[in-house]
Structures are given as C-alpha cells and as structure tokens.
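Visitor: Please show me the model, and then explain how the words used to describe it are justified.
Guide: Here it is.

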Amino acid sequence: DPNVKIGTAKVFAIYGKGGIGKSTTSSNLSAAFSKMGKRVLQIGCDPKHDSTFPLTGMLQNTLIDVLTEANFHIEDVEIDDLIKHGYAGVDTLESGGPPAGSGCGGYVVGETVKILNEFGLYSKYDVILFDVLGDVVCGGFSAPLNHADLGVIIACNDFDSIFAANRLCLAIKQKSARYKVRLAGVI
C-alpha cells in the first residue's frame, strides 16, 4: 500500500534458516521497493556482514568497525560513516558483530536498533529491511521484531528449513502479543 509509512517507515524483519537466501531475497526486495520510489534502508544483522554486498558490491564497514574507530563515542560518528549507498539508491548498513567466541552478535543487533532511533533514521525511510542472521531468535537477534511491522520467513521444503520456519512463526506470534509485528508470510 503506497499510503502506509514505516514509523514513518514500514519495517520488515526477514528471517530463515542459514543459507536459505535471506540476503538475496532482502536485496531484491530492497531494490524493488526503491524502484517503486520508496526510500529504502537494508540492514544486515550478521557478523559476516555480507547482506548488503549484492547492493554495494563490497563488504562495507560494520557498525562495530565504525564504533571501534571512534573509541565507542557515538557522538563522534556521522551517519555517512554507517550508511553506504547501493544499487537503485538503496541505503545499506551492516551491524556486524564481535569475533567468533568473544561476544554476542545479538547484542550488536539490539544496539543497532537503538542507534537507528538515536539518529532518527526510522523517519528518514519509507521501508527498512532487517536481514537477520539464520534462524536465531534469542535476545538481540529478535530485537528487529520489536520494531518491525512485518516478519517475513524465507524457507524451502527441507526439514531444517521447515523446522526453522515453525520456530520463527512461534517467535513472531510471541512478540506480537507485546509489539505491533505480524507475520507477513513465508517466501
């Protein structure tokens, strides 16, 4: 619906089993929304920080990289340090995460959500897509569901994919009791 805004942005949280095609689908959705005239931000929520590669052609610095360079002084960070411009005018951001075994990637996703709010980005875009790591629905990785209008699940017909989709349906149902998120469907 062209009249629907997301916060003023419409926020989508894209989930599914690892390797199922979330980033490819997210990038295609982002490009399609942008070509429809929407202002779009795609946020990669995986420590591999490769969600936005199809749109930018590069592995961009993550939120963690930028904060590390600024010695974790958010007041020294500019929005252009975080956001890169990609195909069809889609803006991109990668939350990133700590090195393996040294911290919680979900915490970083939660902090990314806070920083988006702090910079007022929820009102700058018409569409925001969170491309979330695998089928992890714990703490920080479920944080996008707290802000999303719609949860989207990417799946295929193998057991692991269906198992993950079922768990994700339950997570979205549980979140919908306290937040506005609803299940948009399964792709």
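Guide: Buried means under 20% relative accessible area. The model is a predicted one. By that cut-off, buried residues make up 47% of the 187 residues in the protein.

Visitor: What makes the protein as compact as a globular protein of that length?
Guide: The globule rule gives 16 Å for 187 residues, and the radius of gyration is 15 Å, close to that value, so the protein counts as compact in this sense. The C-alpha atoms fill a box of roughly 45 × 45 × 35 Å along the principal axes.

Visitor: Which pattern does the protein follow along the sequence?
Guide: The order is β-α-β-α-α-α-β-β-α-β-α-β-α-β, with 7 helices and 7 strands.

Visitor: Why is a set of residues called a nonpolar core?
Guide: Its members must be buried residues of the nonpolar kinds listed for a core, such as Leu, Ile and Phe, joined through side-chain atoms within 4.5 Å. The largest such set has 34 residues, and Leu41, Ile43, Leu82, Leu116, Ile128 and Phe130 have the most contacts inside it. Among the elements that each supply at least two residues are β1 (10-16), β2 (40-45) and α7 (159-176). The largest share, 4 residues, comes from α5. Apart from this core lies another, of 11 residues, including Ile14 and Val152.

Visitor: Which residues is Leu41 in contact with, leaving aside neighbours within four places in sequence?
Guide: Contact requires heavy atoms within 4.5 Å. Leu41 meets this with Ile83, Asp91, Thr92, Leu93, Leu116, Tyr125, Val127, Ile128 and Leu129.

Terms used
Residues are numbered from 1 along each chain as its sequence is written. This is a predicted model: local features need pLDDT of at least 70, side-chain atom pairs count only at pLDDT 80 or more; totals for chains, interfaces and linings use all residues. Side-chain values use heavy atoms; hydrogens and water are left out. The radius of gyration is taken over C-alpha atoms; the globule rule is 2.2 Å times the number of residues to the power 0.38. Buried means under 20% relative accessible area, exposed over 50%, partly exposed in between (1.4 Å probe, protein chains only).
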